[in-house]
Amino acid sequence: MKTGSRQAVLTYAAEKWQTMPDYPFEEDFVTAVLRHSDSRKWYGIIINVSYAKLGIPKEGNTDILNLKCDPIISGALIAEGKALPAYHMNKEHWISILLDSSITMDELAFLIDMSYRLVDQKGRKSSSSFTISLVSSRI
């Protein structure tokens, strides 16, 4: 499947998790928050940010998707160049994905699903055991 876009992410979240975007910032109708249906916690946020703020030597802005992520997986994604340490979020537990990058929509869907489930853990399992079971179910 091709690279994700803002609309592809919002469509996926609506179809898979029945999540409609929330625009919680006054007079900002670009930043879209994805909230878990039960806890109302954020599991994703789409932000339009300058490449410079991300440490990328490029002119202009891009849409990014911040997602909660297991630290082991986030380290691998960052090392592979598929993610960045999270912009404006906890860099240990969140990552930023450039929506104009080479990550496929299938990979993005996997990460969105992980984020949705991680924010709903309520201390039931450790992050690592949860991630192992999620990754195993995808293989």
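Colleague: Which residue stands opposite I95 in β5?

Modeller: In this predicted model, P85 stands opposite I95 of β5.

Colleague: What makes strand β4 and β5 a pair?

Modeller: Pairing requires at least two bridges between two strands. Strand β4, residues 84–85, is joined to β5 by two bridges, so the requirement is met. The two strands run antiparallel.

Colleague: How do you know that strand β3 pairs with β5, and in which sense?

Modeller: Five bridges link β3, residues 61–68, to β5, and at least two are needed, so these strands count as paired. Their sense is antiparallel. One of the residues concerned is K68, whose bridge partner in β5 is W94.

Colleague: Why is β5 described as largely enclosed by the rest of the structure?

Modeller: A residue is buried when its relative accessible area is under 20%. Five of the five residues of β5, residues 94–98, are buried, and the strand is therefore largely enclosed. W94, S96 and L98 point one way, I95 and I97 the other way, and all are buried.

Colleague: Why is helix α1 called oblique to helix α3?

Modeller: The helices, residues 6–17 and 105–118, pack at an angle of about 50°, with their axes 11 Å apart. Roughly parallel requires an angle under 35 degrees, and roughly perpendicular covers 65 to 115. The angle fits neither class, so α1 is oblique to α3. Their crossing is right-handed.

Colleague: What kinds of residue make up the contact of α1 with α3?

Modeller: Residues A8, V9, Y12, K16 and W17 of α1 meet M105, L108, A109, I112, D113, Y116 and R117 of α3. The residues of this contact divide into nine nonpolar, no polar and three charged.

Methods:
Residues numbered from 1 in each chain as written. Predicted model: local features only at pLDDT ≥ 70, side-chain atom pairs only at ≥ 80, totals over all residues. Heavy atoms only, no water. Buried < 20%, exposed > 50% of the residue type's maximum accessible area, 1.4 Å probe, protein only. Helix = DSSP H or I, 4+ residues; strand = E, 2+ residues; numbered from the N terminus. Axes fitted to C-alpha atoms, helices over the stretch in contact; angles between N-to-C directions. Parallel < 35°, antiparallel > 145°, perpendicular 65-115°, else oblique. Left-handed = near helix turned anticlockwise from the far one by under 90°. Contact = heavy atoms within 4.5 Å. Nonpolar A, V, L, I, M, F, W, Y, C, P; charged D, E, K, R; others polar.
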